[in-house]
Amino acid sequence: MTSRLTERAGRSMGIRNCRATAASWASSSRSMTWLGVARKEAGELIVDRLAAKTGRDPYRLRRDFLRDDRSRAVPAKVAEAGAWGRAMPAGTAQGIAFHAEYKSVSAALVEIDCRPETVNRPIRDGVTGPRVTKAVFAVDVGLAVNPRGLEAQMMGGVMDGTSEQPGGAGELAVAASTAAVACAYGRATGTMPTSFPINHGTLSFTPKPTVPPIPPSPADGLDHAR
């Protein structure tokens with residue numbers, strides 16, 4: 001069923017001889033905590049690859065395959081507000097991504113700087129790397145009972161997503177923004193990210209192994225209860 005659906009989707013995009021197969025492999029993701037909504041990068045990167053292969057604009061490809069006006073409105077808004085498609089220097093690029101969850105829809109547009117002078121800039125007691133220089137985010141959650149709270153939550157999620165270190169706030173905003181960063185990075189560098197976080201190898205800490213858990217989980221919690 002998956003293969004047939006993929007073949008039909010490929011033909012509708014003008015891709016001939018499209019075939020899907022199932023396989024298992026060892027994950028390249030390092031050991032760390034990840035939110036489920038943060039694993040959006042792979043799907044959005046594939047959309048970008050399809051756009052490149054078919055000579056289509058990444059934003060317009062997404063828009064054309066969204067089925068309702070509500071979904072199409074959020075990428076349209078970030079594309080307009082973020083000046084999607086504007087000319088940018090070599091080593092920099094825009095990325096755009098769409099995400100739907102919790103009966104809500106969201107989209108993000110980011111601009112990233114991957115030029116050597118940015119990636120290798122000196123930071124005291126810090127780790128350098130690509131820099132997100134602009135982020136535009138749009139969301140439609142229906143009736144917002146607390147608009148300022150929603151705004152704050154989405155800002156927190158964008159901060160989590162653009163830093164490539166997803167945290168625990170603003171989950172709806174994390175997925176599209178972190179995927180937009182991955183897409184922008186791929187377009188700026190000409191390489192498709194295959195492990196996440198993208199700059200995990202330059203982080204200033206060593207992830208702890210998960211098997212066995214170190215340190216072991218405590219088993220005497222009731223002895224210390226008050």
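## Thr133 and Glu111 on neighbouring strands

Thr133 is in contact with Glu111, Ile112 and Asp113, once its neighbours within four places in sequence are left aside. In this predicted model, Thr133 belongs to strand β3. Its C-alpha lies 7.5 Å from that of Val110, although Thr133 and Val110 are 23 residues apart in sequence.

Glu111, one of the residues that Thr133 contacts, is part of strand β2, which covers residues 104–113. Glu111 has a relative accessible area of 3% and is therefore buried, the cut-off for that class being under 20%. Not counting residues up to four places away in sequence, Glu111 touches Arg131, Val132, Thr133 and Lys134, and also Gly82, Arg86, Met88, Ala93 and Gln94. A further link along the chain is that of Glu111 with Gly95: the two are 16 residues apart, and their C-alpha atoms are separated by 6.4 Å.

## The loops before β3 and β1

Pro130 sits in the loop that joins α5 (116–119) to β3 (131–140). Because its relative accessibility is 32%, Pro130 counts as partly exposed. Apart from neighbours within four places in sequence, the contacts of Pro130 are Ile112, Asp113, Cys114, Val119 and Tyr185. Ile112 and Asp113 are also among the contacts of Thr133. Pro130 and Ala188 are 58 residues apart in sequence, while their C-alpha atoms are 9.9 Å apart in space.

A second loop, between α4 (69–81) and β1 (92–101), contains Ala83. The backbone of Ala83 has a positive phi of about 55 degrees, even though this residue is not a glycine. With a relative accessibility of 33%, Ala83 is classed as partly exposed.

## The pairing of α2 and α3

Helix α2 comprises residues 41–54 and helix α3 residues 58–65; their axes are 9 Å apart and meet at an angle of about 110 degrees. The two helices are therefore roughly perpendicular to each other, since angles from 65 to 115 degrees fall in that class. On the α2 side, the contact is made by Glu44, Val47, Asp48, Leu50 and Ala51, and these meet Pro58, Leu61 and Arg62 of α3. By class, the contact has five nonpolar and three charged residues, with no polar ones.

Just after α2, Gly55 adopts a positive phi of about 70 degrees.

## The buried side of α2

The 14 residues of α2 reach 20 Å from the first C-alpha to the last, close to the 20 Å expected at 1.5 Å a residue. Which residues of α2 are buried? They are Glu41, Glu44, Leu45, Val47, Asp48 and Ala51. These residues cover an arc of only 155 degrees around the axis, which means that they are on the same side of α2. An α-helix has 3.6 residues a turn, so residues three or four places apart point the same way. Several of the buried residues, including Glu44, Val47, Asp48 and Ala51, also take part in the contact with α3.

Arg49 is another residue of α2. Its relative accessible area of 43% makes Arg49 partly exposed. Arg49 and Met192 are 143 residues apart in sequence, yet 8.6 Å apart in space from C-alpha to C-alpha.

## The two sides of α6

Helix α6 consists of residues 147–162, 16 in number, and spans 22 Å between its first and last C-alpha, close to the 22 Å expected at 1.5 Å a residue. Its buried residues are Met154, Gly157, Val158, Asp160 and Gly161. Seen down the helix axis, these fall within an arc of 160 degrees, so they line one face of α6. Arg148 and Met159, which are exposed, are carried on the face turned away from the buried side.

## The chain as a whole

The elements described above belong to a protein chain with seven helices and three strands. Along the sequence, their order is α-α-α-α-β-β-α-β-α-α.

Of the 226 residues in the protein chain, 34% are buried. Among contacts with a separation of 6 or more, 58% are between residues 24 or more positions apart.

Technical notes: Residues are numbered from 1 along each chain as its sequence is written. This is a predicted model: local features need pLDDT of at least 70, side-chain atom pairs count only at pLDDT 80 or more; totals for chains, interfaces and linings use all residues. Side-chain values use heavy atoms; hydrogens and water are left out. Axes are lines fitted to C-alpha atoms, for helices over the stretch in contact, and angles run from 0 to 180 degrees between N-to-C directions. Helices (H or I, at least four residues) and strands (E, at least two) are DSSP runs, numbered from the N terminus. Angles under 35 degrees count as roughly parallel, over 145 as roughly antiparallel, 65 to 115 as roughly perpendicular and the rest as oblique. Contact means heavy atoms within 4.5 Å. Ala, Val, Leu, Ile, Met, Phe, Trp, Tyr, Cys and Pro count as nonpolar, Asp, Glu, Lys and Arg as charged, and the others, Gly among them, as polar. The expected span of a helix is 1.5 Å times one less than its number of residues. Buried means under 20% relative accessible area, exposed over 50%, partly exposed in between (1.4 Å probe, protein chains only). The arc is that of the directions from the helix axis to the C-beta atoms.
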